[in-house]
Amino acid sequence: MAQLEIPQERILVVEDEKALASVVASYLRRAGYDVTLEYTGPDAVTVARTLAPDVIVLDLGLPGLDGIEVCRQVRTFSDCYILMLTARGDEVDKLIGLSVGADDYITKPFSTRELVARVQTVLRRPRRPAAAAAEVDLEPPRVFGDLRVDAAGREVWLSDEPVQLTRTEFDILDVLSGQPKVALSRRQIIDQVWDVDWLGDDHVVDVHVANLRRKLGDDPNEPRYVLTVRGVGYRMGKG
Ligand code: CA
């Protein structure tokens, strides 16, 4: 099998509890990933820059810089998938983490098997929804006023300036802009962006939408692109 040369996906695990870190790392290695471990916030930022991981498993409570600050800094140069590890009941931390660009969170104590399954789901997730991939290659960019969404190239332009979105932000915009006349519930968005088995909280969508609107210059009280449909969820606007 070695001649296949499948590039191993790289995962950076950042957790200062060394016993937990090494258990997580060994499960991920067994699942076939190339795993790097770091124990402090500043090291995590440095290594994220040089390693260019596909996924960062990031604990929130870290020495040096906390996970929120690590996330904020990593987001200045990377759109990799960030899965936060949070303490049970830390609702505020979860929301802050998502608002600074984390994609998802898992609450401690968690099952390592569950964590590995989440990572596998994310990495199996195509860079765009598989079903749409074939047509999307032929599809012209979707235009909503000054906003242009190029689903095939996974690029977004606002008044001809590129907009840097995280993977999850792009996927949400892709789902909404691909069905521009349809109001989608949070759960429908989750099913299309994450996975049908995803057990998280629907509020995650609201936090990602808030980030998306900020990057698109959309006023949350009067959005032009990502509209709120009361009692339902979200719908794409004409721009
Ligand atoms: Ca910790």
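Leaving aside its neighbours within four places in sequence, which residues is His208 in contact with? The answer is in point 7, after a walk through the rest of the protein.

1. **Starting out.** A word before you look around: this is a predicted model. The protein has 239 residues, and 46% of them count as buried. You will find 9 helices and 12 strands in it. The accessible surface comes to about 11,900 Å², and carbon and sulfur atoms make up 52% of that. Among contacts with a separation of 6 or more, 57% are between residues 24 or more positions apart.

2. **The parallel sheet.** A good place to begin is the open sheet of 5 strands, whose order is E2-E1-E3-E4-E5 and whose pairing is parallel. Its edges are strand E2 (34–38) and strand E5 (104–108), each of which pairs on one side only. From one strand to the next, the twist averages 20°. If you would like one pair to follow by eye, take strand E1 (residues 10–14) and E2, which are joined in the parallel sense by 5 bridges. Within that pair, Leu12 has Thr36 of E2 as its bridge partner. As a general reminder, the strands of a sheet pair through backbone hydrogen bonds, either parallel or antiparallel.

3. **Helices on the sheet.** Two helices are worth finding next. Helix H1 (residues 18–30) lies across E1, E2 and E5, and runs at about 170° to E2. Helix H4 (residues 91–99) also packs on the sheet, where it touches strand E4 (81–87) and E5; the direction of H4 makes about 165° with that of E4.

4. **Just before E1.** Glu9 sits in the segment that precedes E1. With 29% relative accessibility, Glu9 counts as partly exposed. Although Glu9 and Tyr33 are 24 residues apart along the chain, their C-alpha atoms are separated by 5.5 Å. Not counting residues up to four places away in sequence, Glu9 touches Tyr33, Asp34, Asp54 and Leu123.

5. **The calcium site.** Which residues coordinate the calcium ion? The ion is held by Glu15 (OE), Asp16 (OD), Asp59 (OD) and Gly61 (O), at 2.1 to 3.2 Å. Along the chain, these donors follow the spacing E-D-x42-D-x1-G. Is Asp59 buried or exposed? Asp59 is buried, because its relative accessible area is 4% and the limit for that class is under 20%. Gly61, on the other hand, counts as partly exposed, at 46% relative accessibility.

6. **Antiparallel hairpins.** Moving along the chain, strand E6 (residues 142–144) pairs with E7 in the antiparallel sense over 3 bridges. Phe144 has Leu147 in E7 as its bridge partner. The hairpin of E6 and E7 has 2 residues between the strands, and Gly145 there takes a positive phi near 60°. Strand E7 (residues 147–150) shows two faces: Leu147 and Val149 are on the covered one, while Arg148 and Asp150 are on the uncovered one. E7 also pairs with strand E8 (residues 155–158), again in the antiparallel sense, over 4 bridges. In this pairing, Asp150 stands opposite Glu155 in E8. E7 and E8 form a hairpin with 4 residues between them, and Arg154 in its turn has a positive phi of about 50°.

7. **Back to His208.** The histidine of the opening question belongs to helix H9 (residues 203–216). His208 is buried, with a relative accessible area of 1%. Its contacts, leaving aside neighbours within four places in sequence, are Leu98, Ala102, Asp103, Thr168, Glu169, Ile172 and Trp194.

8. **The cysteines.** How many disulfides does the structure hold? The number is 0. Cys71 is in no disulfide, and the nearest cysteine sulfur, that of Cys80, is 8.5 Å away. Cys80 is likewise in no disulfide. Why do Cys71 and Cys80 not count as a disulfide? Their sulfur atoms are 8.5 Å apart, and a disulfide needs a pair within 2.5 Å. Cys71 is buried, with a relative accessible area of 1%, and Cys80 also counts as buried, at 5% relative accessibility.

Terms used: Residues are numbered from 1 along each chain as its sequence is written. This is a predicted model: local features need pLDDT of at least 70, side-chain atom pairs count only at pLDDT 80 or more; totals for chains, interfaces and linings use all residues. Side-chain values use heavy atoms; hydrogens and water are left out. Donors are N, O and S atoms within 2.8 Å of the metal (3.2 Å for Na, K and Ca); water is not among the atoms, so sites may look incomplete. Buried means under 20% relative accessible area, exposed over 50%, partly exposed in between (1.4 Å probe, protein chains only). Contact means heavy atoms within 4.5 Å. Accessible areas come from the Shrake-Rupley method with a 1.4 Å probe; for residues, only the protein chains shown count as cover. Two strands pair if DSSP finds at least two bridges between them. Axes are lines fitted to C-alpha atoms, for helices over the stretch in contact, and angles run from 0 to 180 degrees between N-to-C directions.
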